[in-house]
Amino acid sequence: MEIYFSVLQRKVLTPNDFDDLEQLEKTILDFQTLYEKATKPFEWKFSREDLRNVLAKFKPIDLPQKMAA
């Protein structure tokens, strides 16, 4: 989701020079249609097991507990 909004910001919303909200809405919806045609789902190669192996290399840290006021 963050990637989508980053692309939207860079390619559509900057500079912010829309005459009204209707023009902004149309521009975003047009971009959405184009983006859906051009993008493909990610193929994740980093598995949960890979993540466990990486995390196992780090020592656990004891953080002091703070009491809520």
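This report walks through the fold, the surface and the charge pairs of a predicted model.

## Overall fold

Let's start with the secondary structure. The chain contains three helices and zero strands, so reading along the sequence gives the pattern α-α-α, as helices and strands are taken from DSSP runs. Helix α1 covers residues 2-13 and α2 covers 21-38, while α3 takes in residues 48-56.

Don't expect a ball here. A compact globule of 69 residues would come in near 11 Å for the radius of gyration, but this chain has 21 Å. The C-alpha trace spans about 55 × 40 × 15 Å along its principal axes. Just 9% of the 69 residues in the chain are buried.

## Two long separations

A couple of C-alpha pairs give a feel for that spread. Asp-19 and Pro-60 sit 41 residues apart in sequence, and their C-alpha atoms are 54 Å apart in space. For Pro-41 and Met-67, 26 residues apart along the chain, the C-alpha separation is 43 Å.

Two of these residues are in loops. Asp-19 belongs to the loop between α1 and α2, and Pro-41 to the loop between α2 and α3. Is Pro-41 buried or exposed? Pro-41 is exposed, because its relative accessible area of 72% is over the 50% cut-off. Asp-19 also counts as exposed, with 71% relative accessibility.

## Surface and patches

The accessible surface of the chain adds up to about 7300 Å², and carbon and sulfur atoms account for 60% of that. There's a nonpolar patch on this surface of about 500 Å², built from Phe-46, Leu-51, Val-54, Leu-55 and Phe-58. One of its members, Leu-55, has its place in helix α3.

Which residues form the negative patch? That one is made by Asp-17, Asp-19, Asp-20, Glu-22 and Glu-25. Asp-20, like Asp-19, is found in the loop between α1 and α2. Asp-20 has 38% relative accessibility, so it counts as partly exposed, whereas Asp-19 is exposed at 71%.

Now for the charges across the chain. There are 11 positive and 12 negative ones, and the mean positions of the two sets are 13 Å apart.

## Salt bridges

Side chains of opposite charge can pair when their charged atoms come close. How many salt bridges does the structure hold? It holds two.

The pair in α2 is Lys-26 with Asp-30, whose closest N and O atoms are 2.6 Å apart. Both residues lie in that helix, four residues apart, which is about one turn of the helix. As for cover, Lys-26 is exposed because its relative accessible area is 51%, over the 50% cut-off. Asp-30 is at 39% relative accessibility and therefore counts as partly exposed.

The pair in α3 is Glu-49 with Arg-52, and here the closest N and O atoms are 3.1 Å apart. Glu-49 and Arg-52 are three residues apart in helix α3, so about one helical turn separates them. Glu-49 is partly exposed, with a relative accessible area of 43%.

Note on methods: Residues numbered from 1 in each chain as written. Predicted model: local features only at pLDDT ≥ 70, side-chain atom pairs only at ≥ 80, totals over all residues. Heavy atoms only, no water. Helix = DSSP H or I, 4+ residues; strand = E, 2+ residues; numbered from the N terminus. Buried < 20%, exposed > 50% of the residue type's maximum accessible area, 1.4 Å probe, protein only. Patch = residues over 30% accessible without salt bridge, like charges linked within 9 Å, V, L, I, M, F, W, Y side chains within 5 Å. Areas by Shrake-Rupley, 256 points an atom, 1.4 Å probe, with all protein chains shown as cover. Salt bridge = Lys/Arg side-chain N within 4 Å of Asp/Glu carboxyl O. Lys, Arg positive; Asp, Glu negative; His and termini not counted. Charge placed at Lys NZ, Arg CZ, Asp CG, Glu CD. Rg over C-alpha atoms; globule rule 2.2 N^0.38 Å.
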